[in-house]
Amino acid sequence: MKSDSSIVRELEKKSYEMRLKTAIMAEEYGGGCHYGGCFSIAEVLTALYFNILNIYPENPKHPERDRVVLSAGHKDAIYCVILAEKGFVPKEWLHTYNKLDSHLGMHPDMKKIPGCDMSTGSLGHGLSVAVGMALSGKLDKSDYKVFVILGDGELQEGSIWEAAMAASHYKLDNIIVFVDRNMLEFDGETEKIMALEPLKEKWQAFGWNTKEIDGHNIREILDAYESCLEKNDKPNVIIANTTKGKGVSFMENNWKWHYGGMNSEQEEKALKELEKKINEYSM
Amino acid sequence: MAEKVNQAWTFADVARLSDREIYGKTLVSLGTTNKNIVVLGSDLMYSNRTSDFLEKFPERAFNFGVAEQNMMGAAAGFATCGKIAFVSTFAAFASMRACEQVRTDICYPNLNVKIVATHSGLTMGSGGTTHHATEDLAIVRSFANMTVIVPADAIETEKAVRAAVEQEGPVYIRLGRAAERLVFQNGYPYDFKIGRAITLKSGKDVTLIATGLEVYESIIASDILGKKGIDVGVINMHTIKPIDQETIINVAQSSKLLVTVEEHTVIGGLGSAVCEVVSEKCPVRVLRIGIPDVYTVIGSPEELKDRYGLTGVKIAEKILNIL
Ligand SMILES: Cc1ncc(C[n+]2csc(CCOP(=O)(O)OP(=O)(O)O)c2C)c(N)n1
């Protein structure tokens with residue numbers, strides 16, 4: 001049974017380990033990181049990679065694998081850390097993050113990262129790509145699912161809604177979207193910059209199964225995923241309510257930490273807070 | 001001496017500020033006197049530095065969220081109503097994401113929209129291919145009615161932005177990311193005219209025709225080669241379109257080799273524009289230095305400049321190799 005409480009606890013702990021490793025990797029490079037968006041999506045990516053996904057690290061291109069499109073490609077740092085943890089990416093590569101000729105940078109490159117299904121970084125492209133993957137899966141009578149990570153600011157791109165229309169038109173119930181609803185984008189609050197609400201109703205109007213969850217609650221993530229398996233010919237969107245920068249007090253809910261580098265004092269504090277969290281789960 | 005460049009800030013400030021910060025301050029200065037200026041952004045206003053204008057004149061600043069095509073179309077709409085619309089985002093998105101809006105909604109009706117694109121070339125470093133803007137000049141240069149300017153430094157950025165307002169019609173101004181090197185040190189006064197190149201140095205053997213960041217690197221290359229007894233001129237070709245044919249023909253006649261230098265693919269940008277002129281008017285050998293026909297790797301902007309042969313040292317080496 002997936003939602004077993006020890007599994008949930010383990011995944012919660014894992015999500016903080018992934019945050020910690022992200023901070024260590026990014027600060028080793030020292031040129032900054034999209035901390036806000038990486039930390040808000042930590043539980044969702046952890047639940048996907050360490051529980052939900054049907055993937056084959058030893059054979060990353062396995063035709064039956066579930067696909068993941070990190071449409072909000074700037075969340076790449078934590079994604080790379082997770083792919084390394086899963087064995088897709090050699091752990092040594094994490095020391096090359098953002099450096100000259102590295103496979104791992106600010107945005108994922110499918111030609112350089114084993115286990116990465118699509119190159120992203122320019123916002124608003126991923127859902128269309130997922131539509132193609134999902135249609136291809138239907139054509140091949142394959143059972144794989146296509147998971148997409150969207151930022152909430154990213155939803156302001158019109159192309160997202162073209163793809164949303166197509167996914168429901170083609171009855172792509174094999175698509176599962178997670179929206180990282182942290183209420184912030186680059187310049188500040190989504191609702192002040194270009195309001196997205198009523199967001200759930202927008203997706204519903206586009207013909208999607210729609211769920212809203214606490215995006216830092218592993219149990220809710222797993223349950224929401226389970227409910228997407230009840231096929232009703234509709235694509236699925238899970239609006240994950242999150243806190244940008246979650247896990248590091250001075251980053252939480254602070255739009256200025258969309259992208260940044262820490263000074264040594266901040267780094268010490270951040271690592272300490274994350275380690276403390278991990279220790280709490282170990283007790 | 002803290003010489004005043006204009007009323008808004010001192011020259012001492014200019015030296016510290018990047019192209020885009022100067023752009024932000026220039027916009028505020030222009031907006032104070034010209035109430036017809038509106039500024040549009042797409043969730044990068046604090047990066048493009050149009051945030052200065054947003055904070056000063058919130059009623060004339062519009063953030064469209066992450067929606068470049070929408071923003072570009074709205075800029076066209078503003079311009080049809082007599083406004084001067086300044087639009088900013090990263091160069092990759094200004095030229096490619098909103099490409100058809102730029103061409104069909106702005107250039108085709110010849111509307112008064114000023115696109116100021118930041119983080120051009122390789123200046124996004126580890127942002128990678130999605131954020132490197134290495135094709136933008138080729139793209140926007142091909143649009144009829146479009147004027148294309150690449151300032152060499154912060155001082156020239158201010159001049160270009162002011163000149164763009166004076167000129168009716170669409171203008172694309174390409175800016176970098178960091179504190180760009182000052183080419184025009186000591187406030188060297190010069191008359192900035194769109195379409196009129198600036199001869200920084202003349203040379204009998206070779207003439208480097210450079211644009212943007214590469215003007216600074218070309219000066220270094222010229223100094224290196226000068227020490228080896230090669231007389232190398234440097235032209236700052238700040239306007240890519242309309243290109244200064246007269247200056248190109250002059251240097252084509254007076255030097256043995258022309259070398260174009262740009263932080264852009266060798267296809268379609270400054271190199272191509274210069275070749276178009278010389279091949280028809282005054283055939284001469286042209287070496288195009290720029291980014292080869294590849295998707296660029298990640299690294300710091302400085303490392304990438306070195307990788308693709310765009311530092312003064314590498315430019316000099318390349319020229320020595322073919323002379
Ligand atoms: C097409 C495009 N425009 C602009 C950007 C620059 N950019 C990167 S992240 C970002 C904000 C995204 O906000 P959101 O989707 O809410 O992500 P999160 O807050 O979760 O980091 C912007 C504008 C981009 N990468 N792509």
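**Exercise 1. Find which pocket the ligand takes up, and describe the shell of residues around the ligand.**

Solution. In this predicted model, the space taken by the ligand is the largest pocket. A pocket here is an open set of points, on a 1 Å grid over the protein atoms alone, with protein on both sides within 12 Å along at least five of seven lines, and a molecule sits in it if more than half of its atoms lie within 2 Å of its grid points. The next step is to list the neighbours, a residue being near a molecule if one of its heavy atoms lies within 4 Å of it. The ligand is surrounded by 25 residues, and the closest are H74(A), K75(A), D152(A), K244(A) and E68(B). Because the surrounding residues come from chains A and B, the site is shared between chains. Sorted by class, the shell holds six nonpolar, nine polar and 10 charged residues, where Ala, Val, Leu, Ile, Met, Phe, Trp, Tyr, Cys and Pro count as nonpolar, Asp, Glu, Lys and Arg as charged, and the others, Gly among them, as polar.

Residues are numbered from 1 along each chain as its sequence is written, while chains are lettered from A and ligands numbered from 1 in the order in which they are written. Local features need pLDDT of at least 70, side-chain atom pairs count only at pLDDT 80 or more, totals for chains, interfaces and linings use all residues, and side-chain values use heavy atoms, with hydrogens and water left out.

**Exercise 2. Trace polar contacts of the ligand (pairs of N or O atoms within 3.5 Å) and state how much of the ligand is covered.**

Solution. Begin with E68(B), where an N or O atom of the side chain is 2.5 Å from a nitrogen atom of the ligand. Turn next to K244(A), which has a polar side-chain atom 2.6 Å from an oxygen atom of the ligand. At L123(A), a backbone N or O atom lies 3.0 Å from a ligand nitrogen atom. Of the 600 Å² of accessible area (Shrake-Rupley method, 1.4 Å probe) that the ligand has on its own, the protein covers 99%.

**Exercise 3. Locate backbone features worth inspecting in chains A and B.**

Solution. In chain A, a cis peptide bond with omega of about 0° joins E197(A) and P198(A). In chain B, a cis peptide bond joins K241(B) and P242(B), again with omega of about 0°. Finally, M183(A) is not a glycine, yet it has a positive phi of about 70°.

Terms used: Polar contact = N/O pair within 3.5 Å; in protein donor to acceptor, adjacent residues only side chain to side chain. 1 Å grid on protein atoms, 1.4 Å probe; cavity = no way out; pocket = protein on both sides within 12 Å on 5 of 7 lines; lining within 4 Å.
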